[in-house]
Amino acid sequence: KTTTNSTTFAATNGSATVTVTDSSHGAAEGDFVTFSGASSLGGNVTAAILNAEHQIVSVPTANTYTITVSDKCWS
């Protein structure tokens, strides 16, 4: 699925988990997503890290899912 929805990212400082809010995404755990045009969250989670392909780790709600960025940020 391609979306032009307003996707937002949230992370806790020092955590490798990023929560993505994407309204009615329809994604499932294990799916892959690719982002473009994202801005840095600050610290190690740069725009270059976000603007890439990621595997969905969990799907807490119909409007959110999580990805892990640790390998990309701290390796």
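These exercises, with worked solutions, cover the sheet, the core and one loop residue of a predicted model.

Local features here need pLDDT of at least 70, side-chain atom pairs count only at pLDDT 80 or more, and totals for chains, interfaces and linings use all residues. Residues are numbered from 1 along each chain as its sequence is written, and side-chain values use heavy atoms, with hydrogens and water left out.

**Exercise 1. The sheet**

Determine the strand order of the sheet and find its edges.

Solution.
- Start with the terms. Strands (E, at least two residues) and helices (H or I, at least four) are DSSP runs numbered from the N terminus. Two strands pair if DSSP finds at least two bridges between them.
- Take E2 and E5. Five bridges join them, antiparallel. Thr21 faces Thr64 of E5.
- Move to E4 (residues 53-61) and E5 (residues 64-68). Three bridges link this antiparallel pair, and Ser58 is opposite Thr66. Two residues separate the strands, which form a hairpin.
- Add E3 (residues 32-34). Three bridges tie E3 to E4, again antiparallel. Here Thr34 has Glu53 as its bridge partner.
- Assemble the order: E1-E2-E5-E4-E3, an open sheet of five strands.
- Read off the edges. E1 (8-11) and E3 each have a single partner strand, so one side of each lacks a neighbour in the sheet.
- Finish with the twist. From one strand to the next it averages 40°, an angle between N-to-C directions (0 to 180 degrees) of axes fitted to C-alpha atoms.

**Exercise 2. The core**

Identify the residues that touch the most other members of the largest nonpolar core.

Solution.
- Define the core: buried Ala, Val, Leu, Ile, Met, Phe, Trp, Tyr and Cys residues joined through side-chain atoms within 4.5 Å. Buried means under 20% relative accessible area, exposed over 50%, partly exposed in between (1.4 Å probe, protein chains only).
- Pick the hubs. Among 14 residues, they are Phe9, Val20, Phe35, Tyr65 and Ile67.
- Locate the contributors. E2 (17-21), H1 (47-50) and E5 each give two or more residues.
- Inspect Phe9. Beyond four places in sequence, its contacts (heavy atoms within 4.5 Å) include Val18, Phe35, Ala38 and Leu50.

**Exercise 3. Ser40**

Describe the setting of Ser40 in the loop between E3 and H1.

Solution.
- Check exposure. Ser40 is partly exposed because its relative accessibility is 42%.
- List its contacts beyond four places in sequence: Val45, Thr46 and Ala47.
- Find the side-chain distances. A polar atom of the Ser40 side chain lies 2.9 Å from the backbone nitrogen of Gly42. The Ser40 side chain also reaches the backbone oxygen of Val45 at 3.2 Å.
- Relate Ser40 to Phe9. They are 31 residues apart along the chain, with C-alpha atoms separated by 9.4 Å.

Technical notes. A polar contact is a pair of N or O atoms within 3.5 Å; within protein, one must be able to donate a hydrogen and the other to accept it, and residues adjacent in sequence count only if both atoms are side-chain atoms.
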